[in-house]
Amino acid sequence: MLTGSCHCGKASWTLEGDPGSVTACNCTLCRRYGTLWAYDYEGERIALSGETASYTRSGRETSSLEILFCPSCACVLSWRGLRLQKDGRRRMAVNMRLAPPDLVADLPIDHFDGLDTFEDLPSKGRCVRDLWF
């Protein structure tokens, strides 16, 4: 199980099992937050603990997700889909930058163009270690 926590330690997440590759996105939010996302579903392999606050993009009638962050230190913990999937599950992602570096250093990074095309980009063969060290 992987764990991640905010800077002050008041909020955290757990992710059961292999996170697989993590996603670096260049959308208007992710590039500002500097997040690396690992995905699953609410109430399944991902669990949050502690108090969180949320941010939903304003000015859009159809926001698809909310960002969850610690109200004390403002670290971004996760995002959660605002609509259920067809199978009734709610998609979530946790910010792998909050995990201990040695436990996630070798995870491969996928790139997603959330700014222009909304498509996966070719892998560059990088892993988390390449961004941190």
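How many aromatic pairs does the count come to? The count comes to two, and one of them is taken up in point 1. Please keep in mind as you read that this is a predicted model.

1. **An aromatic pair.** Phenylalanine 112 and phenylalanine 118 have ring centres 5.1 Å apart. Their planes stand at 75 degrees, and an angle over 60 counts as edge-to-face, so that is the class this pair falls into. The partners are worth a look one by one. Phenylalanine 112 has a relative accessible area of 19%, and since buried means under 20%, this residue is buried. Phenylalanine 118, with a relative accessible area of 62%, is exposed, because the cut-off for that class is over 50%.

2. **Strand S3 and its partner.** You will find S3 at residues 22-25. Val22 and Ala24 point one way from this strand, while Thr23 and Cys25 point the other way. That pattern fits a general rule: in a regular strand, side chains alternate between the two faces of the sheet. Are these four residues of S3 buried or exposed? All of them are buried. S3 runs parallel to strand S10, which covers residues 109-113, and four bridges join the two. If you would like a landmark for this pairing, alanine 24 stands opposite histidine 111 in S10.

3. **A three-stranded sheet.** Elsewhere in your view, look for an open sheet with the strand order S1-S2-S5 and antiparallel pairing. Its edge strands are S1 (2-5) and S5 (46-49), each of which pairs on one side only. From one strand to the next, the twist averages 15 degrees. Strand S2 (residues 12-15) is joined to S5 by four bridges, and these two strands run antiparallel. Here threonine 14 is a handy residue to display, as its bridge partner in S5 is alanine 47.

4. **The largest pocket.** This pocket holds about 730 Å³ of space. Which of its 26 lining residues are the closest to its centre? They are Cys27, Ser64, Leu65, Trp79 and Phe118. Phe118 is thus a link back to point 1, where its ring pairs with that of phenylalanine 112. The elements that give two or more residues to the lining are S3, strand S4 (37-41), strand S7 (65-69) and strand S8 (76-81); S3 is the strand described in point 2, with its parallel partner S10. By class, the lining has 14 nonpolar, eight polar and four charged residues.

How values were computed
Residues numbered from 1 in each chain as written. Predicted model: local features only at pLDDT ≥ 70, side-chain atom pairs only at ≥ 80, totals over all residues. Heavy atoms only, no water. Buried < 20%, exposed > 50% of the residue type's maximum accessible area, 1.4 Å probe, protein only. Pairing = 2+ DSSP bridges. Axes fitted to C-alpha atoms, helices over the stretch in contact; angles between N-to-C directions. 1 Å grid on protein atoms, 1.4 Å probe; cavity = no way out; pocket = protein on both sides within 12 Å on 5 of 7 lines; lining within 4 Å. Points joined across faces, edges and corners; volume = space filled by probe spheres on them. Nonpolar A, V, L, I, M, F, W, Y, C, P; charged D, E, K, R; others polar. Phe/Tyr/Trp six-rings, centres within 6.5 Å; stacked < 30°, edge-to-face > 60°.
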